[in-house]
Amino acid sequence: MKTNYDIVIIGGGPAGLAAAVSAYDNGARDILIIEREQKLGGILNQCIHNGFGLTRFKESLSGPEYAARFIAEVQDRHIEVRLQTTVLSISADKKVTVIGTETGVAVLQAKAVILAMGCRERSRGALNIAGTRPAGIYSAGTAQKYVNIKGYMPGRRVVILGSGDIGLIMARRMTLEGAKVLAVCEIMPYSSGLKRNIVQCLNDFDIPLYLSHTITKIEGEKRVTGVVVSAVDENKQPIKGTEMHFDCDTVLFSVGLIPENELTKGAGITLSPKTRGAEVSQTRETSVEGVFACGNVLQVHDLVDFVSEEAEIAGRYAAAYVLGGKKQGENIPVRNGANISYVCPQRVDKGADGNVKLFFRVTGTFKNCTVTAKCGDTVLVQKRKKIAVPGEMENLLILQEKLTGESGEIVVALEAEND
């Protein structure tokens with residue numbers, strides 16, 4: 001059994017697939033993709049709705065169709081894949097310990113590692129909602145797998161907590177399967193999902209969205225029988241007297257995604273407290289030399305098209321690292337300023353070639369605003385936006401020549417007309 005590779009990629013979802021193809025096309029040949037499931041594709045396999053690929057392919061594809069295009073690219077290049085194989089740990093010297101149905105426990109030595117493990121859903125346990133623990137409570141992604149993959153209906157009368165994209169999509173999916181979605185509740189004063197999903201999944205099906213509301217009690221013993229929903233104040237505390245009761249048998253949670261970073265922590269990689277993913281440069285190299293990260297394990301994306309774009313960056317620079325032994329150069333820190341919740345990457349490697357694209361999210365809903373990236377008093381790039389909302393990732397492109405001679409730190413800030 002082969003145990004030495006130039007590049008080992010952990011995760012065979014959209015990020016891992018795109019990173020593998022990019023690394024190969026940039027000269028690397030000895031590449032391995034490790035995937036714990038029985039097939040490649042990751043979360044896309046259960047996303048049977050369309051809307052994928054609009055940016056990248058200018059087509060509306062289903063999740064499996066989008067994944068199939070990259071799987072074909074991997075197969076055409078004869079990139080090695082190990083399925084039903086779980087990574088147990090990664091060391092700082094890029095030893096990858098795995099356990100698989102065919103290999104048993106094995107240790108693989110890589111020259112470079114690309115982390116592409118994706119993310120997981122935040123659970124009810126993180127929310128402290130009062131009530132018993134009856135059947136009928138699911139994360140939206142679990143319900144999606146039951147309906148789309150296993151052919152099971154989780155319930156018939158549904159309340160959804162959280163307006164993330166998976167929750168919005170499942171509101172439509174459950175409706176199409178004959179369930180009655182009574183309400184979607186969002187504790188924030190704005191939705192965390194894409195505008196198009198609010199329109200296509202809620203408005204088109206007359207499903208009410210209650211902003212600044214949350215579930216304050218779940219009723220039922222053996223099975224959910226109802227929930228109490230309350231309005232919240234500016235501190236997200238329930239307001240007495242605003243309670244609404246819904247008779248339901250199912251509650252779906254769509255309350256955020258968390259990058260899957262246990263392996264990252266185990267390797268001693270520095271994590272960002274804002275994204276909960278690794279801190280990286282624009283090459284997507286982490287604080288551990290030769291270890292790169294991309295996709296939802298790095299930052300939670302709205303569109304798979306952007307996951308693929310970011311993974312291609314990681315693949316390209318991982319190949320350059322393996323083939324040329326490229327070391328990190330002088331770094332310029334990047335941080336969020338006014339009205340920006342986070343920026344990724346968190347540093348710019350001045351020794352890396354190419355322009356730098358900064359991804360960021362805003363802290364609220366802003367209209368007629370200006371986003372600026374500055375290094376000291378120097379404006380590197382500025383963009384006007386008619387509207388910016390937390391549910392949609394934004395980006396700024398800094399030309400490489402703009403960074404020549406700059407030092408200090410880069411600050412991304414938003415100024416709105418009503419500031």
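The residues lining the second largest pocket of this predicted model divide into five nonpolar, three polar and four charged. The space in this pocket amounts to about 250 Å³. Helix 5 (195-202) and strand 24 are the elements that give two or more residues to the lining of the pocket. The lining consists of Tyr190, Ser191, Gly193, Lys195, Ile198, Thr365, Lys367, Ile387, Ala388, Val389, Glu392 and Glu394.

Strand 24 (378-388) also takes part in the second largest cavity, where strand 24 and strand 25 (394-398) each supply at least two lining residues. The largest contribution to that cavity lining comes from strand 24, with three residues. The structure holds two cavities of 30 Å³ or more, and the second largest of them has a volume of about 30 Å³. Its walls are formed by Phe360, Val371, Lys383, Lys385, Ala388, Glu394 and Asn395. By class, this lining comprises three nonpolar, one polar and three charged residues. Ala388 and Glu394 appear in the lining of the second largest pocket and also in that of the second largest cavity. The general principle behind such an analysis is that a probe the size of a water molecule, rolled over the atoms, shows where empty space is left.

Two individual residues illustrate local environments elsewhere in the chain. Asn148 is located in helix 3, which covers residues 140-150. Is Asn148 buried or exposed? Its relative accessible area is 16%, and because buried means under 20%, Asn148 counts as buried. The side chain of Asn148 reaches the backbone oxygen of Gln46 at 2.8 Å, and a polar contact of 2.7 Å connects it to the side chain of Arg173. Apart from its neighbours within four places in sequence, Asn148 is in contact with Gln46, Ile48 and Arg173.

Ala110 lies in strand 6, residues 104-115. With a relative accessible area of 4%, Ala110 is likewise buried. Which residues does Ala110 touch, not counting those up to four places away in sequence? They are Tyr5, Asp6, Val8, Asp93 and Lys94. Thr86 stands 24 residues from Ala110 in sequence, and the C-alpha atoms of the two are 16 Å apart in space.

The values for the two residues are set out below.

| Residue | Element | Relative accessible area |
|---|---|---|
| Asn148 | helix 3 (140-150) | 16% |
| Ala110 | strand 6 (104-115) | 4% |

At the level of the whole protein, the secondary structure consists of seven helices and 26 strands. The radius of gyration is 22 Å, close to the 22 Å that the globule rule gives for 419 residues, so the protein is as compact as a globular protein of that length. The C-alpha trace spans about 65 × 60 × 40 Å along its principal axes. Of the 419 residues, 53% count as buried. Among contacts with a separation of 6 or more, 62% are accounted for by residues 24 or more positions apart.

Conventions. Residues numbered from 1 in each chain as written. Predicted model: local features only at pLDDT ≥ 70, side-chain atom pairs only at ≥ 80, totals over all residues. Heavy atoms only, no water. Buried < 20%, exposed > 50% of the residue type's maximum accessible area, 1.4 Å probe, protein only. Polar contact = N/O pair within 3.5 Å; in protein donor to acceptor, adjacent residues only side chain to side chain. Contact = heavy atoms within 4.5 Å. 1 Å grid on protein atoms, 1.4 Å probe; cavity = no way out; pocket = protein on both sides within 12 Å on 5 of 7 lines; lining within 4 Å. Points joined across faces, edges and corners; volume = space filled by probe spheres on them. Nonpolar A, V, L, I, M, F, W, Y, C, P; charged D, E, K, R; others polar. Rg over C-alpha atoms; globule rule 2.2 N^0.38 Å.
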